[in-house]
Structures are given as C-alpha cells and as structure tokens.
Amino acid sequence: MNILNHNEALLAQHTRRLDFLKSEVNLPAGILQKLKDFQIAIPSWALGTGGTRFGRFSGGGEPRNLEEKIADVGLLHQLNQSSGAISLHIPWDIPTDPAAIRTLAAQHGLAFDAVNSNTFQDQADQAHSYKFGSLQHVSAATRKQAIDHNIEVIKHGVELGSKALTVWLSDGSCFPGQLNFRKAYERTVDSLREIYAALPADWSLYLEYKAYEPNFYSTTVGDWGASYSMVNKLGPQAKTLVDLGHHLPNANIEQIVSILLMEGKLGGFHFNDSKYGDDDLTAGSIKPYQLFLIFNELVDGLDAKGMNHAKDLGWMIDASHNVKDPLEDLLQSVEAIQIAYAQALLVDRKALEEAREANDVVRCQEILQAVFRTDVRALVAQARLELGGALDPIALFRQENMREKLIKARGAKTVATGL
Ligand code: LRH
Ligand code: MN
C-alpha cells in the first residue's frame, strides 16, 4: 500500500486544517503523544459481514481463518496506526499453533487484548446444553462445563500474551416465574469464583453486563449494578466491562462510567453505537455527543486516579456490520473513538469545575459544547501521520481497491467465524 504518496497528496490540505485548529485552540502539551499511545483492540468476530435473523448479505473476501483475521487487523493498523491489538473469541478463533499466531500478530504490530469465552452457544461435541443458561444453570454439571470452558479460554490467552478474560453471559429467563433470581445470582457468583481462582496473578476478569437478548424477561448479569456487585464479591482482579449497546433506552452511560471508574471497578469497553437495542453499529454513528461525554468522564476520572489512559483500561470495539464493508466500518469506529478522546483532552477542566461550583449551568454546557463542536480530525490525523499511518485511511483503502483484492485472494463467498 503506498501510504507515502497518499499522504503527500493530502499534506497541504492537512497542514492548513491543523494550523487552523492550532490558531483556534491551545493544544495541551502531550496531547499528540496521548493520541499515538491510544490503541483500540479490534474484535476477531467482526471482520466479516454480520447479519440478523432476517438475513445476511456478505460483501466477499472475508477472512477464512485466524491467520487472515490477523492480516485484516494488520491492514487496519497499517492504515490508522491505532488498531494495535486483536480480541479473540473462543471457540470461534482457537489458535491451533499459538506460537505461530503470536509471531504472525507481532509481524503486523499487533498484541492480544482480552480473550472472550462463549457459553451462549452449544458446540457440536458438548455434553450439556446452555439453553437454560451456563454459570447460573440449575445443573451443577452444566455449570462445571461452563467453568471449565472459561479456564480453557484463559489457557489460550496465556499462550498468546493476553492479560484479561471477558465473560459475557446470555444467562437469564424469557418468562416470569421461569427463574429463581436469587439462586441464579448465587450460582453465577459461585461459578465465577472458580474461574477467578484460575486467573494468573497479573490478569483481569471483565464481567460484561447486558439488559436483554437473547433472553427477553431477565438477564442475570443485566446491568452495571449486577456486574458491580458480583465483581466486588470476586476480588481486585475482577472489573466491570461496559458495552455501550447493552443499556436500556436513555441510560446515562457516562454517569455509570464515572462511578465505576471512581470505585476502581471499571475494566474496559466494547465500543459501538445503537438507536434502539444492542444494534452493534459504528461507534459515534448515532450518538457522537454521548461518546464524547463518556470520554469526558474517562479523562476526568483517569486523571483523578493518576491512571494511564492507554494502558489501565481495556479499549475494545464490539460491532457487527450488516450493510457496510467490515474494514471500512472498523476504520470509522476507531476514528470516532479517537475524535471523542481528543476532544475530551481539550476540555478546560479547571474552568468547568469553577462553573460547576458556581452552579453556572449555562457556562458548563458552553465549555463542553465548544469542545464538542471543535473539529479535531486534523489532530487525530497528525497522530496517524507521525506514526506512519494514512492521513485518510478509508480513502486509501478504496484507492488501493483493498476489498477487490481480498475478494480476488479469498473468493466472493467466504464466511468469517463470528456473529
Ligand atoms: C453480547 C456481546 C458480547 C460478545 C458478543 C459477540 O451481545 O456484546 O460482548 O461476546 O457480543
Ligand atoms: Mn460486547
């Protein structure tokens, strides 16, 4: 891919935009380095075309195995220099030769972020079905099967250099009366304790909550309260994972984030966007102001605790692509996340606190919205440029006819494992 020629053609326009931004805004010292250090993990299960129960419309050239998934994330990282990690889902992506996979990932400049277990689907050779749950199941044998799977996933992660296990449980119920909520909660915590006990000392366990789907009456880890209470019972290595699409309508996610972070129980994120349910749409495509407000709380809370922005939380995307090219969609998500982070770094926190302490509500909004209405794309592009990335990743992806090349290499009908 000819990134140099691409950047040369766009440099004059880029420099004009960056100079204009610098003439309008005092850029805090170190903001470019923070943007360069900020790497977002790409989900291995979102490199193909997603679908719904009503249909799936593949775009072709999808990765046929883990090696090709790593190559696709490597391509994203080459373009934006901000996708330096991949998050695997087991058993969709079992690394049969971990050493070779690790070497291949390193060749693409990629690390392995959290590994994800899967006790929401029955595998062909499985003894006990997860139809009525996994860690909450009434049968101890089914719970043990699910615990053993999570411990197996940790082993795969250790071989790859990952440092976290993400547990999302579809467990719950579809009808009133179906479930004893207290027993389900206690069985889930007891099962998680056995998984927690298998964690290496330097690992984290991220417990992801979700309001509904596939269960439509109750979900046992259904909201931040359930996850937070459970991770507190488990111990210091257990944290709550916030998937932006897993909330009931109009939930104040930035407030949830601020409290979890303050409590030292925020583990990380699955970034996406949604208008109705767990739509898994492109981050920042529906509610960009909410994404900015979340990063506003993150920068404030991370600095208040002296935490390292890039390293101390899990930054991951979890999206599904029904109508967009999966790689273009992921490039857009990473860009939207970098923009929200850059804007949050520009917030004048001293002025905002003074306005808050003075109950000057109008001034508070003026301070936040002035930043939200500041076009920081040139700043995010400058970070990419300085790391050797493309000034306009999607334009270069298209100029290079990458999708056509992938279809030529892999075929038009290939289907990637995942959702
Ligand atoms: C559940 C979820 C979870 C993954 C799955 C692919 O909705 O967000 O994070 O395991 O999507
Ligand atoms: Mn998720």
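What follows is a walk through this predicted model, from its nonpolar interior to its ligand and then to a few single residues. Because the model is predicted, local features need pLDDT of at least 70 and side-chain atom pairs count only at pLDDT 80 or more, while totals for chains, interfaces and linings use all residues. Residues are numbered from 1 along each chain as its sequence is written, chains are lettered from A and ligands numbered from 1 in the order in which they are written, and side-chain values use heavy atoms, with hydrogens and water left out.

Let's start inside. A nonpolar core here is a set of buried Ala, Val, Leu, Ile, Met, Phe, Trp, Tyr and Cys residues joined through side-chain atoms within 4.5 Å. Buried means under 20% relative accessible area, exposed over 50%, and partly exposed in between, using a 1.4 Å probe and protein chains only. The largest core has 102 residues, and Phe269, Phe271, Phe295 and Leu298 are the ones that touch the most other members. Its top contributor is helix α10, residues 326-346, which puts in 13 residues. (Helices are DSSP runs of H or I with at least four residues, strands are E runs of at least two, and both are numbered from the N terminus.) Another core lies apart from this one; it has seven residues, including Ala41, Ala85, Tyr206 and Leu241.

Zoom in on Phe269. Contact means heavy atoms within 4.5 Å. Not counting residues up to four places away in sequence, Phe269 touches Leu241, Val242, Leu244, Val257, Ile294, Leu298, Leu313, Gly314, Trp315 and Met316.

Helix α10 also holds Leu331. Leu331 counts as buried because its relative accessibility is 4%. With residues up to four places away in sequence set aside, its contacts are Leu76, Leu79, Asn80, Pro393, Ile394 and Phe397. Asp300, on the other hand, is 31 residues from Leu331 in sequence and 26 Å away in space, C-alpha to C-alpha.

Now for the ligand. Around ligand 1 (a heavy atom within 4 Å is what counts) you'll find Trp45, His89, Phe120, Trp168, Glu208, Lys210, Asp243, His246, His270, Asp278, Asp318 and Leu419. That shell splits into four nonpolar, three polar and five charged residues. Three aspartates are worth a look, each with a side-chain polar atom set against a ligand oxygen: Asp318 at 2.7 Å, Asp278 at 3.0 Å and Asp243 at 3.1 Å. The protein covers 96% of the 300 Å² of accessible area that ligand 1 has on its own (Shrake-Rupley method, 1.4 Å probe).

Leu419 from that shell turns up again beside Thr49, which sits in the loop between β1 (41-43) and β2 (51-52). Leaving out residues up to four places away in sequence, Thr49 touches Arg56, Phe57, Ser58, Gly59, Glu62, His321, Asn322, Pro326 and Leu419. The Thr49 side chain also reaches the backbone nitrogen of Gly59 at 3.3 Å. Thr49 is buried, at 4% relative accessible area.

Two more stops. Ser227 lies in helix α7 (residues 224-234), and with a relative accessible area of 0% this serine is buried. Beyond its neighbours within four places in sequence, Ser227 contacts Leu207, Tyr209, Val221 and Thr240. Ala198 lies in the loop between α6 (181-197) and β9 (204-208) and is partly exposed, at 29%. Outside its neighbours within four places, Ala198 is in contact with Ile151 and Ile154; the C-alpha atoms of Ala198 and Ile154 are 7.9 Å apart, although the two residues are separated by 44 residues along the chain.

Terms used: A polar contact is a pair of N or O atoms within 3.5 Å; within protein, one must be able to donate a hydrogen and the other to accept it, and residues adjacent in sequence count only if both atoms are side-chain atoms. Ala, Val, Leu, Ile, Met, Phe, Trp, Tyr, Cys and Pro count as nonpolar, Asp, Glu, Lys and Arg as charged, and the others, Gly among them, as polar.
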